[in-house]
Each structure stands twice: as C-alpha cells, then as structure tokens.
Amino acid sequence: MKRIFAVCVFLLVVGLPIGSVAAKSYSIDEVQIRGWIDRDGTMLVNELFTYSFDGDFTKLTRAFPAEHRQQISGFKAFEVQDGHAEVGFVDESKMHRLPVSLNKENWVTKIAQTDGTIQVMYIYYMKNAVVSYDTYSDLQLTLFEKGSNHNIDMKQLQISFILPEGVSEQNLHGYLQASNGEEPVVHENGIQFYTPVSKANTLTATRMLFPSSIMTAQNKGEAPIPLEEVMAEEQQKAEHEAWKAAQIPNLEKIALVLSVLLGLFAAFFIWMRSPGRGYFGSVDYVMKTDPLYLSFVDHSGSWFRSSFLAGLFSLVDKGEVDVELADSADRFLDHPGSPPKSLQFHLLKGRSGLSEFERTLVTWLFKIRKSQRQFHLHDIAEGKESKAALRKQHAFEVEHGKWHEEVKELLVDSGTLSKRLSYLLKLSILIVTGFVAAGAFYVTGDEEWGWNLVLPAIFFFIALYSIKEKIQKWPSIIYFVVLLFLVNSIEYGELVTALSIFIIVAFIAFYLIPKTILSSKTALYAKMSMNKFRRQMKYGMPEGLSEEEQQQFLIRAYLLKPSKKKLPQLAGVGTATTALATLFMLPEDPLQFVYSNWGPSLKVQADSSGGTSYDGGGVYSGGGGGDGGGGAGAD
C-alpha cells in the first residue's frame with residue numbers, strides 16, 4: 001500500500017504545473033547583433049531586439065556573462081520606431097532613447113508597453129574585445145548562456161563582426177557554438193553567423209580568428225598556442241558537437257526501448273501483487289501445499305497482518321492444532337458490528353516434531369501453561385482504549401514482526417525468496433536511469449554540466465544507502481523527481497518526452513519491487529496456482545470433498561481471499577460439514593473486526609540483526625537578482 005501511495009504522490013508531484021498560468025507573456029522574435037572592431041581591440045556593438053508583448057510590460061533586461069561584464073561601458077537603449085529596422089542602417093531620427101539603470105548584473109530598460117510589437121536597440125562598447133598576438137588576433141564572445149537570465153527562446157539570431165579593414169577570406173575563420181547554428185558566411189571585411197533560435201538556457205558563443213596585422217593600436221605578445229592548433233581544436237570541438245547531436249535520436253530510441261522493458265517488468269510485479277486471472281497452475285497443488293508457505297509466497301515475503309493466522313492454519317493442516325468458531329468475547333458484545341463468533345485454536349496434546357519457528361509461534365500465542373492450551377482471536381485486543389490495551393497491542397505487534405521475519409529468513413535461506421535479487425534490481429534501475437540521464441545531459445549540453453550531475457549524484461548515493469540499509473524511501477523519490485525536472489530542461493522536445501516517460505516508468509518499476517521477491521520456479525508455480533485457486537473460489541467450493549478436504553479448501557479460501565477486510569462469498573459452503581464453514585457466514589472477517597478495535601498501530605518487523613524497526617502508520621519571466629548568466633528578458 002505504501003508503494004502505491006508513493007507512486008501516486010510522485011505522479012501527482014510531477015503532474016503539477018511548474019508555474020501558474022501567467023496573465024501576460026512575451027516573445028523575442030528576432031535578434032540582430034553587429035560589432036564594429038576598432039584597431040585597439042575595442043568593439044562598438046549594436047543589438048536590435050524585436051519583442052512581441054501580450055499584456056502590460058514596464059521593463060526590459062539585458063545581462064552579460066560574468067566574463068564580459070567589466071568590459072561593457074556606455075550602455076544605452078533606444079526604441080526604434082516606424083517599421084522593421086535593420087541593425088547598422090537605422091535612422092537616428094527614428095530612435096527614442098529609453099531610461100537605463102544597472103541592477104546587479106542586469107541592465108534594466110524602462111518601457112511602457114501594452115500588447116503589440118516593438119524594436120529596441122542596445123548600444124554599448126566592449127573594451128578589449130579582441131586579444132592580439134604576433135601571429136593572429138582572437139575575438140571570443142559569449143552572448144547568451146545557461147541561467148535565469150536566458151529563460152526564453154530568442155528567434156532569428158543574426159551576429160556579424162566588421163573588421164577595421166579588409167583581409168583575405170582565407171585568413172578569416174569563424175566558429176559558432178549554438179543549437180542549430182549554421183555555417184558562418186565569411187567576407188573580406190568581416191563574418192556573419194546565424195541560428196534560427198537561441199534556445200532558452202543554452203549557450204550561444206562565437207569566435208573569430210583573423211590576422212593581427214590590422215590591429216595596429218594593440219600591443220601584441222607571443223601567441224600561447226599556434227594558430228593551426230587553435231583551428232584544429234575548434235574543428236575538433238565542432239566535430240564533437242556534431243557527434244553529440246547525432247546521438248540524440250539514438251538516445252531517444254534507447255529511452256523508449258528501456259521504457260517498454262521496464263513497463264513489462266512493472267507489469268510482472270503488478271501481476272505478482274494481484275489475484276490474477278488464474279489460467280495456469282493447479283488447484284490440487286494449492287490443496288496439498290502448506291498454507292503458511294502459500295501465504296508468504298503470495299505476499300512475496302512482505303509483512304501482512306494475517307501471517308500469524310497462516311502459521312496457525314499450517315499447524316491445523318498438520319494436525320497439531322484444532323480450530324473452531326467460538327463465541328465472541330463478552331467485552332465485544334456491545335460493539336457495533338461485532339460478529340457473534342470468532343476463531344479459536346486449541347493446541348492438541350501428545351504432538352511433537354514442531355520446527356523451531358513453529359515452537360516460537362506456539363509459545364508466543366498459546367503461552368503454554370498447564371491450564372491454558374488455547375488461543376482466541378480476541379486475546380490480542382481489549383476492545384477499549386487504554387495504556388494497558390496499547391501495551392498489549394504493541395507487545396503482540398513486536399512478537400508478530402519477529403516471528404514473521406524468522407519465517408521469511410527461512411524462505412530466503414531456502415531460495416524461495418531473495419533479498420539480494422531485490423536489491424540488485426533496484427540498484428540496476430537507479431544506475432540505468434542515472435546513466436541515461438547523464439548521457440542526455442552530455443549530448444545536449446556543454447561541458448559544464450554543473451548541478452545536472454551533482455544534484456542527482458547526491459541523491460543517487462543516498463538512495464543506494466536507503467535501499468541497502470532499509471531507511472526511509474524519500475531519497476529515492478527525490479532522486480527520480482530531480483532527474484525528471486532536470487531532463488525537462490533539455491532543449492530537444494522529443495528527447496524530453498522519451499526521457500520523461502522512461503523516468504516515470506522506471507520510478508513505478510522501482511517502487512513495485514518488494515524487499516524480497518520470488519526467486520524459484522516452485523514459488524512462481526505456487527503463485528500461478530493460487531491465482532487459479534482464487535478463480536475456483538468464484539465458482540464456490542467443489543462438491544464431493546471429504547470433511548478434511550473441505551477444511552483444507554476453506555483454510556486456503558480464507559488466507560487467499562482477494563480482500564483483506566471482507567470474507568469471500570463461497571457458493572456451496574452452507575452444505576459443508578466442517579465447523580470452519582460457519583466462518584464464511586459471518587457478517588465480517590473476525591481479524592478485520594479485531595484490527596478495527598485496535599488503537600494507533602505500528603507495523604513492526606525485526607531486522608536481520610535481531611533488533612526491531614518501526615514504520616509509522618505557461619508563464620512569463622523577467623530579469624531577477626543573482627548571477628543568472630547572459631541573456632535578455634522582459635517584465
């Protein structure tokens with residue numbers, strides 16, 4: 001139940017919208033950037049932004065990367081009026097100056113715009129934009145980068161640099177780092193770059209190499225790296241980026257294939273937890289198999305509240321204990337819905353050969369004394385709330401947890417159940433999701449992954465500890481949530497969809513894996529046979545059974561009932577001659593009635609060391625403070 005609840009919480013969290021629907025929005029439809037390089041390395045830059053607004057806006061922001069902020073001077077802003085302007089060819093009479101102020105890293109321009117489209121020109125100088133050596137000059141400019149200041153796509157981005165004089169086109173080399181960037185166009189006096197969109201939260205940077213002989217007003221030192229090596233590095237970087245882009249479709253296929261495989265894996269565990277359709281197996285196998293073994297296999301070793309009854313019914317099957325329906329305890333007679341009868345077990349004399357865990361059960365429940373060799377189901381509840389009643393209830397739960405763990409360990413040792421396989425499966429899911437997400441971050445981003453790897457890695461190692469040491473499961477939940485939100489920051493929509501499906505399916509599969517899982521063919525066959533037995537229950541108790549066979553059938557019908565609260569409606573039970581048949585004529589399951597009269601309950605399970613552990617019952621964005629990187633925005 002807790003696993004199902006965790007899955008629901010996870011899906012609820014990831015299904016929530018990231019923000020409320022905003023009352024206003026904007027887009028940047030075109031960006032034209034042109035820089036005129038002076039011989040001393042200073043560059044005059046004009047940036048023409050075309051904004052489309054839906055709603056009331058009062059300010060625009062333009063932020064520069066930290067590496068360039070000290071180089072910026074003389075920043076001004078103008079609204080360009082009348083038509084579609086082209087940077088470098090704007091009539092000054094059509095430029096209306098706007099007030100500008102510097103707020104931390106953001107240059108803030110005041111406007112008063114309601115709906116519509118406007119063009120705004122930013123003009124500034126960039127000091128020491130060009131670094132010159134004795135053999136070549138180098139202009140490296142990062143325009144937009146990851147961060148809160150670049151949280152919207154910038155469409156139709158055109159960048160051009162104009163040299164102080166013409167040079168041979170063969171000596172002019174340009175490199176653009178941007179999503180979907182096109183090959184630069186080289187002219188004798190400059191270079192042009194273009195990308196149809198600078199995706200939000202991505203890097204857009206340029207580099208231009210040209211002869212330093214034209215930079216006559218700059219001091220030139222020896223080049224740290226020869227021009228040929230610089231070009232080779234840039235070419236290698238471009239080829240590497242092209243290789244990464246080619247891996248994106250492959251990663252989409254991998255994510256979808258893994259989603260299908262994990263989906264089938266999750267479906268298998270859903271089948272393991274459900275009654276199933278019951279087309280395979282053998283009803284006769286269920287009738288001949290120990291009901292305690294069947295019950296533990298049915299729950300894959302997980303704690304269930306009727307496990308002690310399964311142990312008692314196992315002793316009934318072996319003839320060590322007798323069972324009957326006795327009158328309810330007097331203290332429960334005035335309780336609403338109190339069943340007239342409840343289960344009572346008698347320990348038979350002269351029996352021996354009990355295994356150690358069976359002797360533990362008998363000692364615990366029957367508390368063997370000369371005067372007491374019976375256990376009534378109402379012995380575990382007082383029917384009233386008091387400290388004494390809670391202490392009694394708690395003591396029962398502790399002993400129940402220890403005994404359940406003892407039986408489970410025996411099944412683990414025999415190979416019926418496996419803890420290690422459960423751990424390895426969970427570990428595999430954590431590792432696979434981590435590697436796939438890391439691969440996505442690598443092929444879609446720059447080399448500085450930052451929190452895209454650090455944050456998931458932190459919760460990955462905490463999750464590893466949690467599944468190994470049986471601590472709370474919240475680290476694993478956070479791990480999957482963090483991965484999901486981080487992959488949704490990737491710019492490739494189809495890849496984001498594939499990865500999101502994969503992570504959600506991986507989360508579901510992870511939380512459907514119990515602490516112990518069936519690890520033998522015999523156990524799987526028993527599970528299928530129990531499903532077939534439940535199917536038989538729908539048709540009622542078979543006719544022609546002896547009294548002993550009737551009791552065997554009814555014991556298994558009670559332990560394997562689909563609902564833990566309700567008794568199954570068995571056809572033909574009224575004609576049964578065994579005393580246990582009366583159980584299925586009661587208005588309520590006797591065990592459910594006892595639990596309904598308990599106080600606050602703890603689920604108690606003994607750990608492997610012998611101790612005991614307890615488990616309690618569409619938006620717009622504007623410029624902001626802090627270092628949000630280079631970008632532009634509106635508010």
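Let's start with what helix α12 packs against: its buried residues touch α2 (227–273), α3 (283–288), α4 (291–298), β18 (517–518) and α13 (547–559). Contact here means heavy atoms within 4.5 Å, and buried means under 20% relative accessible area, with exposed over 50% and partly exposed in between, using a 1.4 Å probe and protein chains only. Helices (H or I, at least four residues) and strands (E, at least two) are DSSP runs, numbered from the N terminus.

Please keep in mind that this is a predicted model, where local features need pLDDT of at least 70, side-chain atom pairs count only at pLDDT 80 or more, and totals for chains, interfaces and linings use all residues. Residues are numbered from 1 along each chain as its sequence is written, and side-chain values use heavy atoms, with hydrogens and water left out.

Which residues of α12 are buried? They are A523, A526, K527, S529, M530, N531, F533, R534 and M537. A handy reminder for reading such a list: an α-helix has 3.6 residues a turn, so residues three or four places apart point the same way.

We can also check the length of α12. The expected span of a helix is 1.5 Å times one less than its number of residues. The 18 residues of α12 (521–538) should therefore span 26 Å, and the end C-alpha atoms are indeed 26 Å apart. After α12 comes G540, which has a positive phi, near 95°.

Now stay with K527 for a moment, and let's talk about salt bridges. Side chains of opposite charge can pair when their charged atoms come close. The rule used here asks for a side-chain nitrogen of Lys or Arg within 4 Å of a carboxyl oxygen of Asp or Glu. That rule gives 16 salt bridges.

K527 has D298 as a salt-bridge partner, with the closest N and O atoms 2.9 Å apart. Because K527 sits in α12 and D298 in α4, this pair ties together parts that are 229 residues apart in sequence. Are these two partners buried or exposed? K527 is buried at 1% relative accessible area, and D298 is buried at 12%.

Next, look at D317 and R556, whose side chains form a salt bridge at 2.4 Å, N to O. D317 lies in helix α5 and R556 in α13, so here the parts tied together are 239 residues apart in sequence. D317 is partly exposed, with a relative accessible area of 25%, while R556 is buried at 1%. Elsewhere, salt bridges that share partners join D138, R207, E234 and K237 into one network.

Helix α5 has another salt bridge to show you: K318 meets D290 at 3.7 Å, N to O. K318 belongs to α5 (residues 307–318) and D290 to the loop between α3 and α4, so this pair links parts 28 residues apart in sequence. Both partners are partly exposed: K318 has a relative accessible area of 42%, and D290 has 26%.

On to the sheet. Strands of a sheet pair through backbone hydrogen bonds, either parallel or antiparallel. This one is an open sheet of three strands in the order β14-β15-β16, with antiparallel pairing; two strands count as paired if DSSP finds at least two bridges between them. The edge strands, β14 and β16 (374–376), each pair on one side only. On average, neighbouring strands are turned by 25° against each other, direction ignored. Between β15 and β16 there are three bridges, and H346 has Q374 in β16 as its bridge partner.

What packs on this sheet? Helix α5 does, touching β14, β15 and β16, with its direction at about 55° to that of β15. Helix α6 (residues 356–366) also touches β14, β15 and β16, and its direction makes about 125° with that of β15. For these angles, axes are lines fitted to C-alpha atoms, for helices over the stretch in contact, and angles run from 0 to 180 degrees between N-to-C directions.

My last stop is P339. Where is P339? Its place is in the loop between β14 (321–327) and β15 (341–347). P339 counts as buried because its relative accessibility is 1%. Leaving out residues up to four places away in sequence, P339 touches S328, E588 and F593. The C-alpha atoms of P339 and D589 are separated by 8.2 Å, although these residues are 250 apart along the chain.
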